[in-house]
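This report sets out how the secondary structure elements of one chain are arranged and how they pack and pair. Please read it alongside the sequence and the coordinates shown here.

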Amino acid sequence: MEEPRLSFALMLSYLNRVLERVSDPRQPSNAQRYHLRDLVLGAFAVFYLQCPSFLEHQRQMQSRHGHNNAQRLFGVMTIPTPNQIKNVVDGVSAAVLLPVFRWVYQALAAQGFLTAYEVLDGQRLVGLDGTEYFSSAAIHCDQCSQRTHTSGQVSYHHDVILPVIVAPGQEPVISLMPEFIRPQDGAQKQV
Ligand SMILES: [Zn+2]
């Protein structure tokens with residue numbers, strides 16, 4: 001198998017290849033203005049740059065200068081709004097993007113970036129952080145967890161566990177797929 005190499009351009013092209021296989025959750029419609037690819041890449045750009053207003057800035061840049069960085073850097077052809085992204089991307093299972101995480105992890109490992117994260121005789125430390133990323137008393141779905149409060153009110157929530165590889169002295173943490181956490185292989189230790 002070809003050894004995965006890591007660069008932003010390669011990561012983006014791999015993400016694009018994965019997106020080609022993702023089916024659009026929307027019903028076909030003439031009003032379908034945004035391609036699913038633009039919506040996912042738009043979300044990716046916001047998270048990659050850690051800048052919630054990135055797309056809005058790029059929309060303004062496009063109208064003032066006739067070009068924008070969302071297209072130049074990320075290949076977003078039509079810049080969507082956060083609501084347009086949420087409305088459609090919420091209907092896409094996160095599992096479809098797991099191959100991208102797997103690819104990045106393998107590329108990091110193949111190029112030796114994970115060596116700096118080895119501690120205690122070549123082991124890696126995995127921090128498990130749990131957080132609630134959605135909660136509502138009114139809106140819920142089939143996958144919601146539910147909580148009955150002492151007042152009798154029921155609320156619905158989604159929780160997530162975020163495993164990350166951590167190491168003393170290393171500021172970046174590396175997101176980990178659940179499949180890489182196998183206590184039986186002795187390679188990781190919970191912190
Ligand atoms: Zn739900």
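## Helices α1 and α6

Helices α1 and α6 are roughly antiparallel to each other, because an angle over 145 degrees counts as such and theirs, in this predicted model, is about 150°. The axes of α1, which spans residues 8–20, and α6, which spans residues 98–110, lie 9 Å apart, and the crossing in which α1 passes α6 is right-handed.

On the α1 side the contact is made by M11, Y14, L15 and V18, which meet P99, V100, W103 and V104 of α6. Sorted by class, the residues of this contact comprise eight nonpolar, no polar and no charged ones.

## Helices α2 and α5

A second helix pair is formed by α2 (residues 36–49) and α5 (residues 82–89), whose axes come within 9 Å of each other and cross at roughly 115°. That angle is why α2 is described as roughly perpendicular to α5, and the handedness of their crossing is left-handed.

From α2, the residues L36, L39, V40, G42 and A43 take part, and they meet Q84, I85, V88 and V89 in α5. This contact of α2 with α5 contains seven nonpolar and two polar residues, with no charged residues.

## The chain as a whole

The chain holds six helices and six strands, and in sequence order these follow the pattern α-α-α-α-α-α-β-β-β-β-β-β. Of the 191 residues in the chain, 13% are buried. Among the contacts with a separation of 6 or more, 64% are between residues 24 or more positions apart.

## The loop residue R21

Between α1 and α2 there is a loop in which R21 lies. R21 counts as exposed because it has 8 C-beta neighbours inside 10 Å, and the cut-off for that class is 12 or fewer. R21 and V96 are separated by 75 residues in sequence, while their C-alpha atoms are 8.6 Å apart in space.

## Strand β4 and its partners

Strand β4 (residues 154–167) pairs with strand β2 (residues 123–136) in the antiparallel sense, and eleven bridges connect the two. Within this pairing, D159 of β4 stands opposite E132. Strand β3 (residues 145–148) is also antiparallel to β4, to which four bridges join it, and S145 has H157 in β4 as its bridge partner. With strand β5 (residues 170–175), β4 again runs antiparallel, here over three bridges, and I165 stands opposite I174 in β5.

As a general point, side chains in a regular strand alternate between the two faces of the sheet.

## Two hairpins with glycines of positive phi

The antiparallel strands β3 and β4 form a hairpin with five residues between the strands, and in this hairpin G152 takes a positive phi near 95°. The hairpin of β4 and β5 has two residues between its strands, and G169 in the turn has a positive phi of about 85°. Strand β4 therefore takes part in both hairpins, following β3 in the one and preceding β5 in the other, in keeping with the way strands are numbered from the N terminus.

Conventions
Residues are numbered from 1 along each chain as its sequence is written. This is a predicted model: local features need pLDDT of at least 70, side-chain atom pairs count only at pLDDT 80 or more; totals for chains, interfaces and linings use all residues. Axes are lines fitted to C-alpha atoms, for helices over the stretch in contact, and angles run from 0 to 180 degrees between N-to-C directions. Angles under 35 degrees count as roughly parallel, over 145 as roughly antiparallel, 65 to 115 as roughly perpendicular and the rest as oblique. A crossing is left-handed if the near helix is turned anticlockwise from the far one by less than a right angle, and right-handed if clockwise. Two residues are in contact if their C-beta atoms, placed from the backbone, lie within 7 Å. Ala, Val, Leu, Ile, Met, Phe, Trp, Tyr, Cys and Pro count as nonpolar, Asp, Glu, Lys and Arg as charged, and the others, Gly among them, as polar. A residue is buried if 20 or more other C-beta atoms lie within 10 Å of its own, exposed if 12 or fewer, and partly exposed in between; C-beta atoms are placed from the backbone. Two strands pair if DSSP finds at least two bridges between them.
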